[in-house]
Amino acid sequence: MLLDTQTNLVTDQKIDQFFDPESKYTYEEYVQKAIRYVTNFLDNENFYSGELPSNLRLKNNLLAINPDSTLSIDDTLEQIKQLYLDHTIAFHHPNYVAHLNCPVLLPAIVGDLIASSVNTAVETWDQSTSATLIEQEMIQWICSEMGLPSTSDGVFTSGGTQSNFMGLLMARDHYAFKHYGLNLKENGWSNVVSKFRFFCSEKAHFSIKKNAALIGMGYDAVIPVATDDRMKMKPEALVQAIEKEKQLGNIPIAIVATAGTTDFGSFDALETVSKIAAEYDIWFHVDGAYGGCYVLTDTHQHLLKGIEQADSITIDFHKTMFQPVCSSAFLVRDTNYFKYVSYYADYLNPLEHRDKECPNLIEKSIQTTRRFDALKLWFTLKMTGKKAIGSFLEKVHYLALDLYHSIKEDLDFEIAHKPELSTLVFRYKTPEVDDNHIHDAINLYIKNTLFKSGQASIASTKLNDNLYLKFTLLNPKSTIDDLLDIIQMIKETGSNYTSNN
Ligand SMILES: *Cc1c(COP(=O)(O)O)cnc(C)c1O
């Protein structure tokens, strides 16, 4: 059948938008023009324009897709500027201290541009060739920084949540196989699995519970363990919790230790916890999404002692190695553990064609089509180097400590902890008010007001049911004066609230 003339016309007009030798100069033109818009974004004064959500919605004429007409590169860039670049959040801005979003390094951006343009998919050797080698090199590099044995291995993932998912799944399937001869991957659920229990600190990331639910075991399969006043899991409480579950007839199968909790940056005592896991002969997973990269520092390496005993590790390069999202890895002590997720598909990676020379990374991943996220890390390690990364991380840690010492004696603030990493949790607590509910309301007001006005972005969290503010510091170019400016804004906004209410 012949295409109708209208289709032919559209095809003729747009076919040169494909990335190929004929479009070489158009590619350069588009990317250069886009770069100009991105550099203009860097000139935005505030971390956020403060535009109201209702006004952003009014830009529907820009947002909507018109099925009957298309735009030039210039018009499209102009639209995306008005719709997005003028109003999006600038993570590099010193007044952005909210979440675990880091400013990103230029070498990583270059790596990402190449990966996106060439569009390598890393699941099989025949789609990736040396990209597979580069991912494996990055994995071996981080495994060796962690002190894992030569049997260790890993895979890039979409983030800490997916890495933790893999950790829980493997812990479960490994226990079921080792102790009950069950092959859950092939045969599915078995009743005994309902008794399996994971243990983690009560300050562990929510993805532990969420993932337990996603693998069919439910939130109740995760036993939260009490933390001490430094927000670290209490080893004696861990042992008690394990013993208690055993008495109830449940089966402890894994301990998840956190290396850098999301809110407090606290490190569980990895070495002690690893010994408890060994004593009970159960899986030891370390969630190092936030603190794992601190293995590159002199200041914090000792806090990661014991991680070399882990059966599996989560590490997020898009949090603390200054990488654009996504860049993250899941590591295992023994490459054989990947058998719990591997699948051999006739059309992709048939088992009978398995070739050690040409590995298929799909055997290690729960994804199929997968981005070449290792490339940006490779660029970073080649051009920035691990020493500089380590020094950046030390810098943001000292910044958090500096801030802690600067406001410790201030009667307007109550501090929740002394920073172990690069967060500080505290709340505005003017002595004039003596009611926790009002303190909560004031702190929420401060956070919302500063965000909406585009002045500063601060996070909040709860501790003992009270609302606290949180600074997450990941920008090594920030100074203590930048932070004290935000502190001043907090004070002014807080005192405005009290005088108006
Ligand atoms: C952020 C975080 C996660 C989740 O990682 P994502 O990359 O956001 O999926 C898991 N654990 C901890 C401790 C984290 O801080």
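This passage walks through a predicted model of a protein, from its overall build down to single residues.

The protein holds 18 helices and 12 strands. With a radius of gyration of 25 Å, close to the 23 Å that the globule rule gives for 501 residues, the protein is as compact as a globular protein of that length. Along the principal axes, the C-alpha atoms fill a box of roughly 75 × 70 × 40 Å. Burial is shared out in a way that is easy to remember: 51% of the 501 residues count as buried. The accessible surface comes to about 24,900 Å², and carbon and sulfur atoms account for 52% of that surface.

How do the contacts relate to the order of the residues along the chain? Among contacts between residues at least 6 apart in sequence, 71% join residues at least 24 apart. The charges offer another overall view. The protein carries 45 positive and 64 negative charges, and the mean positions of these two groups are 4 Å apart.

Two helices can be followed from end to end. Helix α6 covers residues 106–118. Its 13 residues should span 18 Å at 1.5 Å a residue, and the end C-alpha atoms are 19 Å apart, which agrees. Which residues of α6 are buried? They are P107, A108, G111, D112, A115 and S117. The cover over these buried residues includes α2 (24–42) and α15 (374–383). Just after α6 comes N119, which takes a positive phi of about 65°.

Helix α9 runs over residues 160–180 and has 21 residues. From its first C-alpha to its last, α9 reaches 29 Å, close to the 30 Å expected at 1.5 Å a residue. This helix is mostly covered, with 16 of its 21 residues buried. Just after α9, G181 takes a positive phi of about 65°.

Y180 is a residue of helix α9. Is Y180 buried or partly exposed? Its relative accessible area is 37%, so Y180 counts as partly exposed. Beyond its neighbours within four places in sequence, Y180 is in contact with Y175, V192, F196 and I251. One of these partners, V192, is 12 residues from Y180 in sequence, and the two C-alpha atoms are 9.0 Å apart in space.

The loops have residues worth a visit too. S266 lies in the loop between β5 (251–258) and α13 (270–280). With a relative accessible area of 1%, S266 is buried. Its contacts, leaving aside neighbours within four places in sequence, are R230, M231, K232, T258, A259, G260, T261 and E420. The C-alpha atoms of S266 and K203 are separated by 8.9 Å, although these residues are 63 apart along the chain.

M231, which is among the contacts of S266, sits in the loop between β4 (222–225) and α12 (235–247). M231 is itself buried, as its relative accessible area is 7%. Its backbone also deserves a look. Most residues other than glycine have a negative phi, and most peptide bonds are trans. M231 has a positive phi of about 70° although it is not a glycine.

D465 likewise is not a glycine, and its phi is positive at about 70°. This residue is found in the loop between β11 (457–463) and β12 (466–472). Is D465 buried or exposed? At a relative accessible area of 65%, D465 is exposed, whereas M231 is buried. The peptide bonds also provide a case to examine: V325 and C326 are joined by a cis bond, with omega about -10°. C326 lies in the loop between α14 (317–320) and β8 (328–332).

A last loop residue is E308, located between β6 (283–288) and β7 (312–316). E308 has 22% relative accessibility and counts as partly exposed, since the buried class takes in residues under 20%. Not counting residues up to four places away in sequence, E308 touches M146, G147, L148, P149 and R333. How far from E308 is T7? The two are 301 residues apart along the chain, and their C-alpha atoms are separated by 60 Å.

Terms used: Residues are numbered from 1 along each chain as its sequence is written. This is a predicted model: local features need pLDDT of at least 70, side-chain atom pairs count only at pLDDT 80 or more; totals for chains, interfaces and linings use all residues. Side-chain values use heavy atoms; hydrogens and water are left out. Helices (H or I, at least four residues) and strands (E, at least two) are DSSP runs, numbered from the N terminus. The radius of gyration is taken over C-alpha atoms; the globule rule is 2.2 Å times the number of residues to the power 0.38. Buried means under 20% relative accessible area, exposed over 50%, partly exposed in between (1.4 Å probe, protein chains only). Contact means heavy atoms within 4.5 Å. Accessible areas come from the Shrake-Rupley method with a 1.4 Å probe; for residues, only the protein chains shown count as cover. Lys and Arg count as positive and Asp and Glu as negative; His and the chain ends are not counted. The place of a charge is taken as NZ of Lys, CZ of Arg, CG of Asp or CD of Glu. The expected span of a helix is 1.5 Å times one less than its number of residues.
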